[in-house]
Amino acid sequence: LWLAPGTGRDSRPRWSPDGAHLAFVRSPGSGGAPETVLEQHPRPWSIWTADAASGEGRRVWQSPATLRGSMPSSDGGPNLEWGAGDRLVFLADLDGWAHLYSIAATGGEPVLLTPDPGMAEHIAISPDHRFLVFAGNMGKGRDDLERRHVFRVAVDRTGVTDLTPGAGLAWSPVVTADNRGIALIAAGAQAPPLPAVVPAQGGKPTTIGAELVPADFPVAGMVTPRAVVFRAADGMEVHADLFDAGRGGRGDRARPAIVFVHGGPPRQMLLGWHYSRYYSNAYAVNQYLASRGYVVLAVNYRLGIGYGREFHHPEHAGPWGASEYLDVKAGGEYLRALPGVDPKRIGIWGGSYGGFLVAMALARNSDIFAAGVDLHGVHDWTADNGRGLVGDRIEKPADYDQAREVAWKSSPVADVATWKSPVLLIQGDDDRNVRFHQTVDLARRLEKQGVPFEEMVIPDEIHDFLRHASWLKADSATVAFFDRVLGAGERAAR
């Protein structure tokens with residue numbers, strides 16, 4: 001049985017508790033004349049319900065035709081759920097944050113459930129459909145914007161309860177079958193992620209599987225990163241996590257430092273172990289670098305999540321101007337001005353979109369960044385005739401030529417003539433996310449420029465390496481490269 005068929009694109013079907021109706025999300029189907037590329041355009045969407053017996057449907061809610069009203073792009077998209085009392089709960093960016101709203105299944109005005117600054121993700125509804133649990137950064141503690149806690153909120157009224165307050169992190173909540181407990185994953189700055197259960201009304205979590213952590217896991221050797229804030233050249237406020245083991249002093253020489261840039265780019269590095277295995281791995285590398293005497297700064301540049309919609313969807317970013325690089329450059333300048341840091345020994349590393357920003361940093365500012373490690377990064381936005389940017393239709397956007405030029409100028413290869421600093425290039429040759437030729441092409445350009453580079457090609461590996469041995473190989477090579485080029489120093493390494 002087709003539910004209210006039309007030309008739209010339908011998703012996220014959810015049964016009503018009584019099984020008589022379904023709710024779903026509808027967005028317009030693709031097509032129409034091509035829009036301009038260099039401007040942002042609203043992406044409207046709506047919530048529908050339909051009778052499960054007849055298939056007849058009706059629109060319950062329509063998003064405003066504004067940028068904030070666009071389909072949310074954070075984890076789970078609109079996260080539609082059908083709650084008790086015939087309340088439809090959904091995620092939207094209507095007030096500039098990825099917040100939860102509730103509306104009657106018959107329509108009306110949505111109720112904002114989570115009014116505090118911060119975002120909601122990893123959202124799950126209770127078996128009785130009376131409340132939701134989610135991971136978010138809207139806690140009341142200092143620097144909770146840089147963490148994830150698990151929260152509870154009723155489906156029909158405003159107000160959240162932080163179930164895991166404090167300096168730790170928690171995510172991926174699931175309500176137990178009796179509605180009395182919340183299972184989740186908990187971690188800290190030193191403590192690695194482990195399952196835990198917390199009472200649904202709040203209380204002390206019970207950790208599960210602590211005995212599985214090896215006795216020699218170096219908890220005592222890890223630093224507690226601290227949140228720092230600085231501004232980019234255009235005034236954008238940038239958040240970052242600073243790893244500093246505190247080695248060195250007046251009698252010691254200044255230490256090398258490293259900027260880390262995450263990929264995605266819809267990601268946020270946190271003040272502790274990360275919920276993504278990719279970035280849990282990156283957090284471990286940053287901890288290891290800190291243990292060897294490096295000062296490490298993980299920069300949460302614009303395009304990332306956690307700081308509101310305008311930060312997540314900035315103007316002139318990516319292929320349309322690379323404005324996010326201003327935040328990365330500001331991170332390098334922040335480290336240069338930091339007491340105890342050698343301004344001539346600042347490196348940068350990152351993977352995927354982070355690899356793109358590593359290449360941008362070395363191409364544009366070898367005067368700031370003395371070395372870099374680029375894992376499977378994008379280097380030319382116009383490769384393959386720019387099909388990924390503007391498509392291959394005969395009918396072109398009005399700003400097609402300008403967009404192509406901007407995309408080229410937003411690519412690291414456009415500035416390879418000013419690239420001086422050495423780099424280590426790492427990529428699996430079966431990468432399905434970033435074409436392997438992006439690294440091959442860059443290597444040839446660097447070779448022609450006389451730029452010192454090293455390369456590590458991992459045969460039969462994909463973008464997000466599948467084998468632990470591949471990660472160990474790449475991570476070890478990353479640290480060894482910085483040790484060799486920047487020199488953490490024997491004293492710092494001790």
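Two cavities of 30 Å³ or more sit inside this structure, which is a predicted model. Let's take them in turn and then move on to a helix.

The largest cavity holds about 90 Å³ of space. It has 14 lining residues, and those closest to its centre are Asp-93, Ala-98, Gly-308, Arg-309 and His-312. If you sort that lining by character, you get seven polar residues, five nonpolar and two charged.

Now for the second largest cavity, with about 60 Å³ of space. Its lining is made of 14 residues, and Tyr-278, Trp-349, Gly-351, Leu-375 and Trp-471 are the ones nearest the centre. Where does the lining of this second largest cavity come from? At least two residues each are supplied by strand S19 (255–261), helix H1 (277–291), strand S21 (341–351) and helix H8 (468–485). H1 gives the largest share, with four residues. As for character, the lining of the second largest cavity splits into eight nonpolar residues, five polar and one charged.

S19 and S21 turn up again around helix H3, so here's a quick check on that helix's geometry: H3 covers residues 325–336, and at 1.5 Å a residue its 12 residues should span 16 Å, which agrees with the 17 Å between its end C-alpha atoms.

Which residues of H3 are buried? They are Tyr-325, Asp-327, Val-328, Ala-330, Gly-331, Gly-332 and Leu-335. As for partners, the buried residues of H3 pack against S19 and S21, along with strand S17 (226–231), strand S18 (237–243), strand S20 (295–300) and helix H4 (353–364).

Notes:
Residues are numbered from 1 along each chain as its sequence is written. This is a predicted model: local features need pLDDT of at least 70, side-chain atom pairs count only at pLDDT 80 or more; totals for chains, interfaces and linings use all residues. Side-chain values use heavy atoms; hydrogens and water are left out. On a 1 Å grid over the protein atoms alone, a cavity is a set of points where a 1.4 Å probe fits but cannot get out, and a pocket is an open set with protein on both sides within 12 Å along at least five of seven lines; lining residues have an atom within 4 Å of a point. Grid points are joined across faces, edges and corners, and a volume is the space filled by probe spheres set on the points. Ala, Val, Leu, Ile, Met, Phe, Trp, Tyr, Cys and Pro count as nonpolar, Asp, Glu, Lys and Arg as charged, and the others, Gly among them, as polar. The expected span of a helix is 1.5 Å times one less than its number of residues. Buried means under 20% relative accessible area, exposed over 50%, partly exposed in between (1.4 Å probe, protein chains only). Contact means heavy atoms within 4.5 Å.
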